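Colleague: I am new to reading protein models. Could you take me through one, feature by feature?

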Amino acid sequence: MCADCAVTVYPKTDTVKDGKGKEHKFNRPSLRSLNEAKERFAAWDDVKNPTFDLSGFSFS
């Protein structure tokens, strides 16, 4: 299997258990927020100091 572009794999559930058995829930990003992130990434001029906005995710 080959891919010539970025591939994002999402789990089938919105909960994940860590190594200690604690469950963590997360929110899936919306299509709009993914498209906005792609546009911001395409507009980057300086790849030496990238920034990432994780405000759309909840790790509680």
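**Reading the chain**

Modeller: Start with burial. Of the 60 residues of the chain, 3% count as buried. Keep in mind that this is a predicted model.

Colleague: How much surface does the chain expose, and what share do carbon and sulfur atoms supply?

Modeller: The exposed surface comes to about 6,000 Å². Carbon and sulfur atoms supply 57% of that area.

Colleague: Which elements does the chain have, and in what order do they run?

Modeller: Count them, then follow them from the N terminus. There are one helix and two strands. The order is β-β-α.

Colleague: How do I read the helix? What span should α1 have?

Modeller: Start with the general idea. An α-helix has 3.6 residues a turn, so residues three or four places apart point the same way. Now take α1, residues 31-42. Its twelve residues, at 1.5 Å each, should span 16 Å. The end C-alpha atoms are 17 Å apart, which agrees.

Colleague: Is α1 packed away or in the open?

Modeller: Count its buried residues. The number is zero out of twelve, so α1 lies largely in the open.

Colleague: What about a single residue in a strand? Where is Val-16 found?

Modeller: Val-16 sits in strand β1, residues 15-17. To judge exposure, use the relative accessible area. Between 20% and 50% is partly exposed. Val-16 has 41%, so Val-16 is partly exposed.

Colleague: Which residues does Val-16 touch, leaving out those up to four places away in sequence?

Modeller: Its partners are Lys-22, Glu-23, His-24 and Phe-26. Look at Phe-26 again. It is ten residues from Val-16 along the chain, and their C-alpha atoms are separated by 8.3 Å.

Colleague: How much do contacts between residues 24 or more positions apart account for?

Modeller: Take the contacts with a separation of 6 or more. Residues 24 or more positions apart account for 26% of them.

Colleague: Now Phe-52. Is it buried or exposed?

Modeller: Apply the cut-off: over 50% is exposed. Phe-52 has a relative accessible area of 66%, so it is exposed. Phe-52 lies in the segment after α1. Its C-alpha atom is 9.5 Å from that of Phe-41, eleven residues away along the chain.

Colleague: Last, the largest pocket. What lines it?

Modeller: Read volume, then lining. The largest pocket holds about 710 Å³ of space. Its lining has 21 residues, with Ser-33, Leu-34, Ala-37, Lys-38 and Arg-40 nearest the centre. By class, eleven are nonpolar, six polar and four charged.

Key
Residues numbered from 1 in each chain as written. Predicted model: local features only at pLDDT ≥ 70, side-chain atom pairs only at ≥ 80, totals over all residues. Heavy atoms only, no water. Helix = DSSP H or I, 4+ residues; strand = E, 2+ residues; numbered from the N terminus. Buried < 20%, exposed > 50% of the residue type's maximum accessible area, 1.4 Å probe, protein only. 1 Å grid on protein atoms, 1.4 Å probe; cavity = no way out; pocket = protein on both sides within 12 Å on 5 of 7 lines; lining within 4 Å. Points joined across faces, edges and corners; volume = space filled by probe spheres on them. Nonpolar A, V, L, I, M, F, W, Y, C, P; charged D, E, K, R; others polar. Expected span 1.5 Å × (residues − 1). Contact = heavy atoms within 4.5 Å. Areas by Shrake-Rupley, 256 points an atom, 1.4 Å probe, with all protein chains shown as cover.
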